Amino acid sequence: MRRIAPILLLALSTAPLSAADERLRHGEQIHQLHCMSCHDATVYTRTNRLIQSLPALERQIDRCRDSFGFGLPDRGADAVLHYLNTTYYHFEQTD
């Protein structure tokens, strides 16, 4: 059993990421590159945060993308939405 555990851990650590995990990682990378240049994560965790729904979060991401000219394709904006909702907001998703 002692020999199996390290092999199992190695197999799990090299397993391909699921589509959701890949989307989450992609969203985090975009967020670090673009969003964190203007603000830090406290904007998502403060008690009086402005975003109160998933559609509002999506609109805010679009506003930032359009206002600052990130050239972010819809797939990237979707990944950022997924990352922020999974990490900070936890709004219920209907899809």
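The expected span of a helix is found by multiplying 1.5 Å by one less than its number of residues, and that yardstick is applied here to a helix of a predicted model.

Q: What span does helix α2 reach, and what span is expected at 1.5 Å a residue?
A: Helix α2, which runs over residues 19–34 and has 16 residues, reaches 22 Å from its first C-alpha to its last, and this is close to the 22 Å expected.

Q: What puts the buried residues of α2 on the same side of the helix, and which residues are they?
A: The buried residues of α2 are G27, I30 and H31. They cover an arc of only 100° around the axis, and therefore they lie on the same side of α2. These buried residues pack against α3 (42–45) and α5 (74–89).

Q: Why is the pair of Y44 and Y88 called tilted?
A: The structure holds four aromatic pairs. In the pair of Y44 and Y88 the ring centres are 4.8 Å apart and the planes stand at 35°, so the pair is tilted, since stacked requires planes under 30 degrees apart and edge-to-face requires over 60. Because Y44 lies in helix α3 and Y88 in helix α5, the pair ties together parts that are 44 residues apart in sequence.

Q: What makes the pair of Y44 and Y89 edge-to-face?
A: The planes of Y44 and Y89 are at 70°, with 5.9 Å from centre to centre, and an angle over 60 degrees counts as edge-to-face, so the name fits. This pair also links distant parts of the chain, with Y44 in helix α3 and Y89 in helix α5, 45 residues apart, and both Y44 and Y89 are buried.

How values were computed
Residues numbered from 1 in each chain as written. Predicted model: local features only at pLDDT ≥ 70, side-chain atom pairs only at ≥ 80, totals over all residues. Heavy atoms only, no water. Helix = DSSP H or I, 4+ residues; strand = E, 2+ residues; numbered from the N terminus. Buried < 20%, exposed > 50% of the residue type's maximum accessible area, 1.4 Å probe, protein only. Arc of directions from axis to C-beta. Contact = heavy atoms within 4.5 Å. Phe/Tyr/Trp six-rings, centres within 6.5 Å; stacked < 30°, edge-to-face > 60°.
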